[in-house]
Every structure is written in structure tokens, then in C-alpha cells.
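Got your viewer open and your mouse ready? Let's walk through this one stop by stop, selecting as we go.

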Amino acid sequence: MDRLLRIWQGRVLMDQDKDPSGGGGGEPAPKNDEVSAQIAALKAEIDALKKGKSEPAPSDVEKVRKDLQEKAAREAAIGRMQEAIRFNLSSDKFMEENKEHLGPLAPGLYKEISSKAFTDEEKKAAAVKKGMLEYFFSLQENIDAAPEELKGRIMSFKALADDEKEKQAVNYWDTLTLTVSQKKLTARIEAAKRANGSGKTFEEQDDERKKYNDRVFALKSHYLGKQGE
């Protein structure tokens, strides 16, 4: 492009040196103002071409990748909102069915948190889960009752900063639900022992224990897998 500009300027200067009255019969050389304007226009065109090369438009591959990322983000946001709505619709029932295993202050705490005004369902679910997790695992008896496989994650939640607890509560909610299931199962087994008058448990209680242990093992494998990613 610089070479093209020099050639153009050389031709213009040659035309200026020619005698317009000579026998060539050609057109008179352009005036200085015209030459300056033409040179400026050519330089502007060259600059625009250079700028276009240094700032290429996104390729089709980049556009597809960006579209896929945006689609995945939208789907994840929809999934989180749907899960929050399901939780909010079923949380009253969960609290009622498990109040004796959650702690004496749990019903009042749940009512206080869930009655607040929230901007959306996701924020409400996060606030309820955070509040209930904090209270539930503030009781040592619940930490003691938790399956050994979950105790590390319980302590990780307790160590989080306050704002992080609300952000991460959805990822730790299973530590509460599984501990509640463990407490209910233990209570049923103990009741069965007393009713049977011996150290034996009913066969159905053994099956229930196995199903529960399978759930805990599956969750443990899932979270260990995520940590290794």
C-alpha cells in the first residue's frame, strides 16, 4: 500500500512538471488542492484497509462456539430455576414430615425465612437451604448422626463465608436430607428392636438400610468424581 501511494504521488508530480501548452494536447495538470485531496483520500482508503486486516470479523467456528456457550448457560439457568421452584413447592411438606429430626427451632426458623419477600424463586430456595443447613449442623447430635462419608462435606460447608454459604447451599442440601434419612432409619430400627424384644431387626429394615447405604455410596462417588475433574 505504501508503494502504491509513492507511485501515485510520483505521477502527480510528473503531471505538474509538464507544460500544459505542449503539443500533447492532453488535459491540464490538476491543481495543488485537488492533488492534496486525492492523496488524502487515498491515504484514508489505505488506512481503512489496514485497519480491516488488523481487526478480522469473528469466524463461523467462533460464532458457533459462542452460540453453544450461550445456549448451555441459558439451559443451566432454566434448570436451576426449575429445581428451586420444585423445592419451594415441596419444602412445607418436608419440614412437616421431618420436624422431629431437624431440631426444636427448625419449624420457627423455616417459617421466618420462607415468609420473607424474595425477588425470585431461586433466591428464596437458597436462603431457606442456607438457614436450615446452618441451624441443623450447629447441633452436634446431627453431625454425630451424619454418615461418615458426608462429614467432610458438612465441615466444608460450615467453613464457608456467609455469602458463599448461600451460593453453595444447593450443593450441600443433600448432607441434610441424607442425615435426616439416617436418623429416621436408625429410629425405626431401634423401635423394631424394642418391639421384637431382641437384638434382631426385621428383614425389611435390613433392606431399607441397604438402599440407604447405596444412596450414600452413589452420592460419595459422584462428588469424588467432580473433585477429580
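Start by colouring the chain by secondary structure and following it from the N terminus: the elements run α-α-α-α-α-α-α-α-α. In total that comes to nine helices and zero strands. Keep in mind that you're looking at a predicted model. The chain has 229 residues, and buried ones make up 26% of them. Now take the contacts with a separation of 6 or more: 66% of them are between residues 24 or more positions apart.

**Stop 1: helix H8**

Select residues 162-196, which is helix H8. How far apart are its end C-alpha atoms? They are 47 Å apart, and that agrees with the 51 Å that 35 residues should span at 1.5 Å a residue. Now click on Ala 169, where H8 bends by about 70°. Then go to the other end of the helix: Gly 197 follows H8, and its phi is positive, near 70°.

**Stop 2: the nonpolar core**

Next, show side chains for Leu 102, Met 132, Leu 133, Phe 137 and Leu 176. These have the most contacts inside the largest nonpolar core, a group of 26 residues. Which helices give two or more residues to this core? They are H3 (60-102), H4 (106-114), H5 (121-136), H7 (148-159) and H8. H5 gives the most, with seven residues.

Zoom in on Leu 176. Setting aside neighbours within four places in sequence, its contacts are Phe 94, Leu 102, Met 132, Leu 133, Phe 136 and Phe 137.

**Stop 3: His 101 and Asn 142**

Select His 101, which sits in helix H3. Is it buried or exposed? His 101 counts as buried, because its relative accessibility is 12% and the cut-off for buried is under 20%. Leaving out residues up to four places away in sequence, His 101 touches Phe 136, Asn 142, Val 180, Lys 183, Lys 184 and Ala 187.

One of those contacts is Asn 142, so click on that next. You'll find Asn 142 in helix H6, residues 140-145. Its relative accessibility is 0%, so Asn 142 counts as buried. Besides His 101, Asn 142 touches Leu 102, Phe 136, Phe 137, Thr 179 and Lys 183, again not counting residues up to four places away in sequence. Try the distance tool here: Asn 142 and Gly 103 are 39 residues apart along the chain, and their C-alpha atoms are separated by 8.8 Å.

**Stop 4: the largest pocket**

Switch on a surface and look for the largest pocket. It holds about 250 Å³ of space. There are 13 residues lining the pocket, and the closest to its centre are Glu 122, Ala 126, Glu 166, Lys 167 and Val 170. Which helices each supply at least two residues of this lining? H3, H5 and H8 do, and H5 gives the most, with five residues.

Select Ala 126, found in helix H5. With a relative accessible area of 18%, Ala 126 is buried. Leaving aside neighbours within four places in sequence, Ala 126 is in contact with Glu 166 and Ala 169. You met Ala 169 at Stop 1, where H8 bends. Draw a distance from Ala 126 to Glu 166: the two are 40 residues apart along the chain, yet their C-alpha atoms are separated by 5.6 Å.

**Stop 5: Leu 109**

Move on to Leu 109 in helix H4. Leu 109 counts as partly exposed, because its relative accessibility is 23%. Its contacts, apart from neighbours within four places in sequence, are Gly 131, Met 132 and Tyr 135. Add one more distance, from Leu 109 to Val 128: they are 19 residues apart in sequence and 9.0 Å apart in space, C-alpha to C-alpha.

**Last stop: helix H7**

Finish by selecting helix H7, which has twelve residues. From its first C-alpha to its last, H7 reaches 18 Å, close to the 16 Å expected at 1.5 Å a residue. Which residues of H7 are buried? Highlight Leu 150, Lys 151, Arg 153, Ile 154 and Phe 157 to see them. As you turn the view, remember that an α-helix has 3.6 residues a turn, so residues three or four places apart point the same way.

Notes: Residues numbered from 1 in each chain as written. Predicted model: local features only at pLDDT ≥ 70, side-chain atom pairs only at ≥ 80, totals over all residues. Heavy atoms only, no water. Core = buried A, V, L, I, M, F, W, Y, C linked by side-chain atoms within 4.5 Å. Buried < 20%, exposed > 50% of the residue type's maximum accessible area, 1.4 Å probe, protein only. Helix = DSSP H or I, 4+ residues; strand = E, 2+ residues; numbered from the N terminus. Contact = heavy atoms within 4.5 Å. Expected span 1.5 Å × (residues − 1). Bend = angle between axes of the 7 residues up to and from the residue. 1 Å grid on protein atoms, 1.4 Å probe; cavity = no way out; pocket = protein on both sides within 12 Å on 5 of 7 lines; lining within 4 Å. Points joined across faces, edges and corners; volume = space filled by probe spheres on them.
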